[in-house]
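Colleague: Put the model up, please, and I'll pester you about the labels. I want to hear what stands behind each one.

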Amino acid sequence: MPAEMDSPLQHELTVAREAARRAARLCLAVVAEGFGRMEKSEREPVTVADFGSQAVILDAIATAFPGDAVIAEEGSADLVAAGPDLTDRVVAEVSRAFGETRDEAAVLAAIDHRGTPGRRTWAVDPIDGTKGFLRGDQFAIAIGLLVDGVPAAGVLACPRFELSGMPGVLVWGGPGIGAFVESLAGGGKARPLTVSGVTDPARARLLGSVETAHGDPELLQHVMEAVGIGGGWVRIDSQAKYAAVAAGMAEIYVRPRNRVDWRERVWDHASGAAIVAAAGARITDLDGKALDFTAGPTLEHNRGVLVTNGAIHDVVLAALAGRG
Ligand code: AMP
Ligand code: MG
């Protein structure tokens with residue numbers, strides 16, 4: 001049954017779901033019309049859709065919760081540096097998404113909205129898995145809410161992720177709320193999600209990134225062999241991996257670093273962490289430490305991330321000990 005009326009953060013989840021739906025429509029419109037690809041620092045790709053999605057989401061947060069803080073992946077400086085044509089396209093996409101004209105100043109201000117530091121911080125990744133988005137593979141629009149540094153609620157729009165016969169889904173929830181999936185297109189009831197009950201490693205399935213540069217395939221291979229994982233190794237882009245664990249489609253998501261100075265980004269995990277915890281998952285770093293979301297935009301004090309259905313967590317941690 002969907003969250004009770006008296007369960008916490010209902011208004012927040014309603015606002016975030018609506019924003020994620022609007023952002024997803026914008027992203028798919030950009031796919032149809034051409035990506036408007038750009039490159040930002042470290043040669044990471046970014047598109048018109050990344051900026052448009054962030055403007056749509058942060059506009060909604062700034063309007064509904066003006067006192068909250070925001071951590072978000074994109075900044076308007078990269079868009080402005082890409083030139084007036086791409087900026088105009090983002091403004092046009094955002095205007096269309098809202099069904100009313102927004103001027104450039106309003107759109108750039110929305111992209112850069114960061115609110116006021118306090119107990120509540122929204123963590124927003126307007127397109128997680130941009131490389132997957134460009135390839136026609138998985139991507140996610142991630143909106144998480146940290147309360148006192150703890151993932152309290154999350155929404156993931158996964159427009160290309162099929163679950164329960166729905167071709168694109170909205171996955172959402174949080175501790176004390178539950179985890180749910182509903183059709184991204186709307187209509188139909190939200191259905192509860194629970195992690196897999198598989199306890200035998202021989203039947204367990206492992207999730208990793210598609211991009212080898214975002215992980216450590218050798219370490220994943222070692223985990224597969226040391227733990228005796230027999231269900232296979234599935235590569236999926238983006239926080240759709242969290243949706244897969246929450247839905248019981250895989251038991252283990254290991255996120256190693258591909259270089260020792262890499263720190264995980266808060267916006268890559270806050271939303272997914274709230275949802276999988278509500279679905280019954282266990283989540284730590286690769287050393288078994290709790291994730292610390294209080295250190296700014298990165299998980300400065302953690303080494304990678306490990307999400308499991310709980311049953312298999314300790315044996316995977318043992319295989320990871322001293323490695324990666
Ligand atoms: P995935 O979809 O699993 O490939 O993860 C996408 C995320 O990987 C992006 O949102 C980036 O924040 C993150 N990322 C970028 N560079 C690295 C890196 N060197 N190691 C780990 N993650 C990275
Ligand atoms: Mg990301």
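Modeller: Let's start with burial: a residue is buried under 20% relative accessible area, exposed over 50% and partly exposed in between, using a 1.4 Å probe and protein chains only. The model is predicted, so local features need pLDDT of at least 70 and side-chain atom pairs count only at pLDDT 80 or more, while totals for chains, interfaces and linings use all residues. Residues are numbered from 1 along each chain as its sequence is written, chains are lettered from A and ligands numbered from 1 in the order in which they are written, and side-chain values use heavy atoms, with hydrogens and water left out.

Colleague: Then why is Leu108 called buried?

Modeller: Its relative accessible area is 15%, and the limit is under 20%, so buried is the right word. Leu108 sits in helix H5 (residues 104–111); helices here are DSSP runs of H or I with at least four residues, strands are E runs of at least two, and both are numbered from the N terminus.

Colleague: What does Leu108 touch?

Modeller: Leaving out residues up to four places away in sequence, Leu108 touches Ser76, Leu79, Val80 and Thr87, where contact means heavy atoms within 4.5 Å. Leu108 and Ser76 are 32 residues apart along the chain, yet their C-alpha atoms are separated by 5.7 Å.

Colleague: What makes Val90 buried?

Modeller: Val90 has 0% relative accessibility, so it passes as buried. This one is in helix H4 (residues 84–98), and its contacts beyond four places in sequence are Val48, Phe51, Gly52, Leu79 and Val107. Val90 and Leu79 are 11 residues apart in sequence, with 8.8 Å from C-alpha to C-alpha.

Colleague: Is Lys40 buried or exposed?

Modeller: Buried, because its relative accessibility is 15%. Lys40 is in the loop between strand E1 (38–39) and strand E2 (45–46), and it touches Val46, Glu73, Glu74 and Asp78, again skipping residues up to four places away.

Colleague: How do you know that Lys40 makes a polar contact with Glu74?

Modeller: The two side chains come to 2.9 Å. A polar contact is a pair of N or O atoms within 3.5 Å; within protein, one must be able to donate a hydrogen and the other to accept it, and residues adjacent in sequence count only if both atoms are side-chain atoms. So the 2.9 Å pair of Lys40 and Glu74 qualifies.

Colleague: And Ser164, why isn't that one called buried?

Modeller: With 43% relative accessible area, Ser164 is partly exposed. It lies in the loop between strand E6 (150–158) and strand E7 (169–174), and its phi is near 50 degrees, a positive value in a residue other than glycine. Leu9, in the segment before helix H1 (10–33), also has a positive phi, near 60 degrees. Why mention that? Because most residues other than glycine have a negative phi.

Colleague: What makes Asp125, Asp128 and Asp268 donors of the magnesium ion (ligand 2)?

Modeller: Their OD atoms lie 2.0 to 2.3 Å from the ion. Donors are N, O and S atoms within 2.8 Å of the metal (3.2 Å for Na, K and Ca), so these three pass; water is not among the atoms, so sites may look incomplete. The donor spacing in sequence is D-x2-D-x139-D, and both Asp125 and Asp128 are buried.

Colleague: Which of the donors reach ligand 1?

Modeller: Asp128 has a side-chain N or O atom 3.0 Å from an oxygen of ligand 1, and a polar side-chain atom of Asp268 is 2.6 Å from a ligand 1 oxygen. Arg255 comes to 2.9 Å in the same kind of pairing with ligand 1.

Colleague: Last one: why is the pair Tyr242 and Tyr253 called edge-to-face?

Modeller: The search finds five aromatic pairs in the whole structure. Tyr242 and Tyr253 are 5.4 Å centre to centre with 85 degrees between the planes. Rings of Phe, Tyr and Trp (its six-membered ring) pair if their centres lie within 6.5 Å; planes under 30 degrees apart are stacked, over 60 edge-to-face and the rest tilted, so the label holds. Tyr242 is in helix H8 (residues 240–246) and Tyr253 in strand E12 (residues 252–255), so the pair ties together parts 11 residues apart in sequence. Both tyrosines are buried.
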